[in-house]
Amino acid sequence: MTDLKKRALQIHETLIQVYGEPIRENPMPAIHELVGTILSQNTTDANCDRAFAALLAKYPTWELLRDADEAGVIEAIRPAGLANQKGPRILAILKAISEERGELDLQFLADMPVAEARKWLTKFKGVGPKTAAIVLCFALGMPAFPVDTHVYRVTGRIGLRPAELNFEQAHAHLESIFPVETYYPAHLNLIRLGRQVCHARKPNCPQCPVRHLCDYKDKTV
Ligand code: SF4
């Protein structure tokens, strides 16, 4: 095992001791996860939840949403921000899935190799590597490691990924150093570390459970 893989595992195990092990239970259908993740882009969880609740109340089935008029969808999801962009994208994706698959169900992705499933999802405008990884990992239990802004920042500071890797490259890199079975819990615990301790502006290094494993040159003491 390389030093980097060892450190990734140590960090994962330390975070499990501190935060516990998040268990994946009651996964949402993949379509639900896909629409929700698009809504969540560039907004807070609270605003995303409000927008998603309004959308599902207005269009209780995916078919009703797919066939809805754009203005109505944009209005419903306004709390999530970027509604003029997200609304048309969601409608276009639902229409394209219906046309290609004959139904609004993405369970078939679970039978594909993960690289193929990722490629299938990212062909849609508005579905980047993070959104695809969330759908694959959260909804379908597939081996994909979602890299959001917290995971990206924290792994960069710790030294788990080379600084020059962009978001997209960070996905493949972290998937290569964390054991597959840790993707889901490590993703969630790194987010928790980023939200609670390794803040974007001022990391709280003295309170950090992985400070002994972190290379950050501006580590505070
Ligand atoms: S030691 Fe500081 S920089 Fe490193 S992960 Fe912890 S909070 Fe972030």
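**Helix H6 and its surroundings**

On one side of helix H6, Asn84, Glu99 and Glu100 are exposed, meaning that 12 or fewer other C-beta atoms, placed from the backbone, lie within 10 Å of their own. Helices here are DSSP runs of H or I with at least four residues, numbered from the N terminus. The model is a predicted one, so local features need pLDDT of at least 70 and side-chain atom pairs count only at pLDDT 80 or more, while totals for chains, interfaces and linings use all residues. Residue numbers start from 1 along each chain as its sequence is written.

Flip H6 over and the picture changes: Lys86, Gly87, Ile90, Ile93, Leu94 and Ile97 are buried, the cut-off being 20 or more other C-beta atoms within 10 Å. These residues sit on the same side of H6 because they cover an arc of only 135° around the axis, judged by the directions from the helix axis to the C-beta atoms. An α-helix has 3.6 residues a turn, so residues three or four places apart point the same way. The buried set packs against helix H2 (30–40), helix H4 (62–66) and helix H5 (70–76). Right after H6 comes Gly102, with a positive phi near 80°.

As for the whole protein chain, it has 11 helices and 0 strands. Its radius of gyration, taken over C-alpha atoms, is 18 Å, close to the 17 Å from the globule rule for 221 residues, so the chain is as compact as a globular protein of that length. That rule is 2.2 Å times the number of residues to the power 0.38. Buried residues make up 35% of the 221.

Notes. Helix = DSSP H or I, 4+ residues; strand = E, 2+ residues; numbered from the N terminus. Contact = placed C-beta atoms within 7 Å.
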